[in-house]
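Colleague: Could you take a close look at one part of this protein for me, the open sheet and what surrounds it? I'd love a connected walk-through that I can follow with the structure on my screen.

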Amino acid sequence: MFSARIRARLTALALCGGLLAAPAAALAGVVVKSSGPTASRYPVGTKLDDSASITLREGDVVTVLTAEGTRVIRGAGTHRVGDRPQVANDRFAALTRKRAANRVRTGAVRSDNDETPTNPSLWYVDVTRSGMICLYDLAAVRLWRPGTAGTSTYRVVDAAGPANVDVTFDDTVVIAALDPARLPIAEGGAYRVYGPDGALSADLSFVQIGEDFGTPDALAETLIAKGCTVQVEALANSLEAAAAGVDAG
């Protein structure tokens, strides 16, 4: 007869074998962008497992972020989410690098070609886009101008008081720090950005997030929950572009 020690060892091996044989859990993702005739069936924030199937029509595109990368599902037919090619998280890491929000590099992110400039960091505040903005540090706000040549000055105003500050961009400065001593940013406060012509350029409000997010789906869910739709859109567009580049290759 087997000794108690041998019997226990065999039981442990059997349990390990069962764990190894068990199917892997389906990888969950979150929809961050949907467009086309019927893509509204999968609105931003919808959660989908790898095993899920979605039915699209011609012209539909649904972008899903998972813990391991980006899946872009397009075209007529029924598609299994897990069958879509997945793009690695390199673009996500570059776009969401936290230290990018704590530095100002002038001239380093301007495009030299005719492509429409895109915001190089999720944590830079576009002075031409209104909305709620999620940031790690409200005392380290960085403003970004979408690549307009020449010198231009924008004024940022506290809608509830007299505080305001002017921020100037030129051909070498595309990112500028907002001075927290002259214009403190309060969570939930309302701020207006006026362009060089004095016209309203953006209405902004801010919310602080204190957690680091290592995966696209976790960050996307938080941005959606906080109402930071401008950043969700920027994240989706950037990762979709990366996926298009992989498809083209």
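Modeller: Happy to! Let me come at the sheet from a helix. S238 touches R91 and L95, leaving aside residues up to four places away in sequence. This serine lies in helix α4, and with a relative accessible area of 14% S238 is buried. Please keep in mind that everything here comes from a predicted model.

For orientation, the chain holds four helices and 15 strands. Of its 249 residues, 39% count as buried. Among contacts between residues at least 6 apart in sequence, 55% join residues at least 24 apart.

Now to the sheet itself. It is an open sheet of five strands in the order β9-β15-β14-β11-β12, and the pairing is mixed. At the edges stand β9 and β12 (164–169), each with a single partner strand, so one side of each is left without a neighbour in the sheet. On average, neighbouring strands of this sheet are turned by 30° against each other, direction ignored.

Let's start at the β12 edge. Strand β11 (residues 152–158) pairs with β12 in the antiparallel sense, over six bridges. The two strands form a hairpin, with five residues between them. If you want to find the register on your screen, look for R155, whose bridge partner in β12 is D166. Another pair to look for is Y154, which stands opposite V167 in β12.

The side chains along β12 alternate. V165, V167 and F169 point to one face and are buried, while N164, D166 and T168 point to the other face and are not buried. Put next to the pairs above, this means R155 has a bridge partner, D166, that is not buried, whereas Y154 stands opposite V167, a residue on the buried face.

Moving inward, we come to an empty space. The structure holds one cavity of 30 Å³ or more, and the volume of the largest cavity is about 30 Å³. Its lining is made up of L143, V156, L178, I185, Y191, V193, L204 and F206. Two strands of our sheet, β14 (190–194) and β15 (200–208), each supply at least two residues of that lining. Rolling a probe the size of a water molecule over the atoms shows where empty space is left.

At the other edge is β9, and here the sheet is linked to the helical part of the chain. A disulfide joins C134 to C228, with an S to S distance of 2.0 Å. C134 lies in strand β9 (residues 131–135) and C228 in the loop between α3 (216–226) and α4 (229–248), so the pair ties together parts that are 94 residues apart in sequence. A search of the whole structure finds one disulfide. The link of C134 and C228 is right-handed, with 80° about the S-S bond, and both cysteines are buried.

Finally, look at the helix that comes before that loop. The buried residues of α3 are P216, D217, L219, A220, T222 and L223. Just after α3, G227 takes a positive phi of about 85°. Past the loop that holds C228 comes α4, the helix of S238, which brings us back to where we began.

Methods: Residues numbered from 1 in each chain as written. Predicted model: local features only at pLDDT ≥ 70, side-chain atom pairs only at ≥ 80, totals over all residues. Heavy atoms only, no water. Disulfide = S-S within 2.5 Å. Buried < 20%, exposed > 50% of the residue type's maximum accessible area, 1.4 Å probe, protein only. Pairing = 2+ DSSP bridges. Axes fitted to C-alpha atoms, helices over the stretch in contact; angles between N-to-C directions. Contact = heavy atoms within 4.5 Å. 1 Å grid on protein atoms, 1.4 Å probe; cavity = no way out; pocket = protein on both sides within 12 Å on 5 of 7 lines; lining within 4 Å. Points joined across faces, edges and corners; volume = space filled by probe spheres on them.
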